[in-house]
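Welcome, and thanks for joining this short round of questions and answers. Take a look at the model below, and then we can talk through its helices, its ligand and a couple of its loops.

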Amino acid sequence: MTETAMRVAFVTGASRGIGRAISTRLAMPVEKGGGGRHVVLVSRSAGPLEDLRSSIEAEGGSASVCACDVGDRAALAAAVEGVVKERGRLDILVNNAGITRDNLMLRMSDAEWDEVIGVNLTSAFVAIRASARAMMKQRFGRIVNIASTSGIVGNAGQANYAAAKAGLVGLTKTIARELGSKGVTANVVAPGFIETDMTSNLPPSVKEQVSSMTATSRLGKPEDIAAAVAYASSDDAGFLTGQVICVDGGMTMC
Ligand code: NAI
């Protein structure tokens with residue numbers, strides 16, 4: 001594939017944690033173990049994304065920056081459409097941006113519910129809808145939605161988050177059925193407990209407990225998730241669709 005035809009990936013929540021690892025893995029040159037993609041780095045503010053772009057380019061990779069709040073439907077759709085217009089293609093969409101607003105269900109406010117559903121679930125629908133025509137026209141697309149084992153087995157205090165993540169599973173399977181014959185695949189990667197800013201405030205006792213619940217006796221790293229996304233978004237993964245890949249050290253085995 002030539003430079004101009006380099007596959008283009010759009011990764012939300014790219015500024016840190018899992019999204020940063022996914023972006024780095026996809027953008028690194030092939031000879032350095034990466035995917036050799038051009039990665040559009042998406043997050044709310046440009047500053048941290050510029051730092052990531054510089055480090056990707058320093059390694060010989062290709063990336064661009066897109067500041068966008070994925071909770072703003074119109075802005076997100078415009079960002080996706082802008083990439084298609086500017087780069088002439090969009091091959092890989094990774095819906096990774098996510099937030100938590102944990103509370104026990106009886107105490108959960110409408111605002112906590114709405115915000116988590118909007119950022120974690122509705123944004124994926126909006127980005128997929130905005131990308132689908134370009135992918136169908138290319139007869140190639142890879143959609144990867146980052147869910148959570150909370151959406152598979154539930155988690156006390158996370159009614160909003162688990163509902164959003166479970167919603168991603170149904171959305172993904174439906175998209176897989178609607179777009180499969182056009183060369184577009186859709187899969188979920190469902191992380192278990194991964195050490196990022198999202199989980200950094202949990203007490204050591206909770207981390208030890210979670211670690212002991214895995215078959216691997218350790219917590220996950222962002223790179224563990226990036227490796228699964230690299231495969232699900234690769235050209236080789238054309239027969240993998242509608243799947244939920246739990247990357248959780250064997251915690252749930254479901
Ligand atoms: P993080 O909190 O470290 O990073 C989240 C990223 O999303 C940041 O780049 C943030 O700026 C971006 N983001 C949040 N709201 C946004 C918005 N409205 N618009 C644009 N960007 C926004 O989180 P982490 O841990 O890297 O999680 C990434 C994904 O993985 C999330 O969807 C999360 O639910 C999921 N996940 C994480 C697990 C963990 O243990 N860390 C476990 C299971 C799933």
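Q: Is the crossing of H4 and H6 left-handed or right-handed?
A: Happy to start here, with the reminder that this is a predicted model. Helix H4 covers residues 110–138, and its axis comes within 8 Å of the axis of H6. As for the hand of the crossing of H4 and H6, it is right-handed.

Q: How are H4 and H6 oriented, roughly parallel or roughly antiparallel?
A: The axes of H4 and H6 cross at roughly 15°. Angles under 35 degrees count as roughly parallel. H4 and H6 are therefore roughly parallel.

Q: What is the orientation of H1 relative to H2?
A: Two packed helices are described by the angle between their axes and the distance between the axes. For H1 and helix H2 (residues 46–58), the axes are 10 Å apart and the angle is about 30°. Their crossing is right-handed. With that angle, H1 is roughly parallel to H2.

Q: Which word describes how H1 and H8 lie to each other, oblique or roughly parallel?
A: The axes of H1 and H8 come within 8 Å of each other, and they cross at roughly 50°. The crossing of this pair, H1 and H8, is right-handed. Angles under 35 degrees count as roughly parallel and 65 to 115 as roughly perpendicular. The angle of H1 and H8 fits neither range, so the two helices are oblique.

Q: Which helices each supply at least two residues of the shell around the ligand?
A: Let's turn to the ligand, which has 30 residues around it. Ser 15, Asn 96, Tyr 161, Ile 194 and Thr 196 come nearest. The helices that each give at least two residues to the shell are H1 (17–27) and H6 (159–179).

Q: How many residues of the shell around the ligand are charged?
A: The shell divides by residue class, with 14 nonpolar residues and eleven polar ones. The remaining class is the charged one, and its count is five.

Q: How much of the accessible area of the ligand does the protein cover?
A: Some polar contacts first: ligand oxygen atoms lie 2.9 Å from a side-chain N or O atom of Arg 16 and 2.9 Å from one of Lys 165. A ligand oxygen is also 2.7 Å from a polar backbone atom of Ile 194. On its own, the ligand has 830 Å² of accessible area, and the share covered by the protein is 96%.

Q: Where does Arg 139, with its positive phi, lie?
A: Arg 139 is not a glycine, yet its phi is about 55°. Its place in the chain is the loop between H4 and strand E5 (141–146).

Q: What is the phi of Ser 217 near?
A: Ser 217 sits in the loop between helix H7 (204–213) and helix H8 (222–232). Ser 217 is a residue other than glycine with a positive phi, near 55°.

Terms used:
Residues are numbered from 1 along each chain as its sequence is written. This is a predicted model: local features need pLDDT of at least 70, side-chain atom pairs count only at pLDDT 80 or more; totals for chains, interfaces and linings use all residues. Side-chain values use heavy atoms; hydrogens and water are left out. A residue is near a molecule or strand if one of its heavy atoms lies within 4 Å of it. A polar contact is a pair of N or O atoms within 3.5 Å; within protein, one must be able to donate a hydrogen and the other to accept it, and residues adjacent in sequence count only if both atoms are side-chain atoms. Accessible areas come from the Shrake-Rupley method with a 1.4 Å probe; for residues, only the protein chains shown count as cover. Helices (H or I, at least four residues) and strands (E, at least two) are DSSP runs, numbered from the N terminus. Ala, Val, Leu, Ile, Met, Phe, Trp, Tyr, Cys and Pro count as nonpolar, Asp, Glu, Lys and Arg as charged, and the others, Gly among them, as polar. Axes are lines fitted to C-alpha atoms, for helices over the stretch in contact, and angles run from 0 to 180 degrees between N-to-C directions. Angles under 35 degrees count as roughly parallel, over 145 as roughly antiparallel, 65 to 115 as roughly perpendicular and the rest as oblique. A crossing is left-handed if the near helix is turned anticlockwise from the far one by less than a right angle, and right-handed if clockwise.
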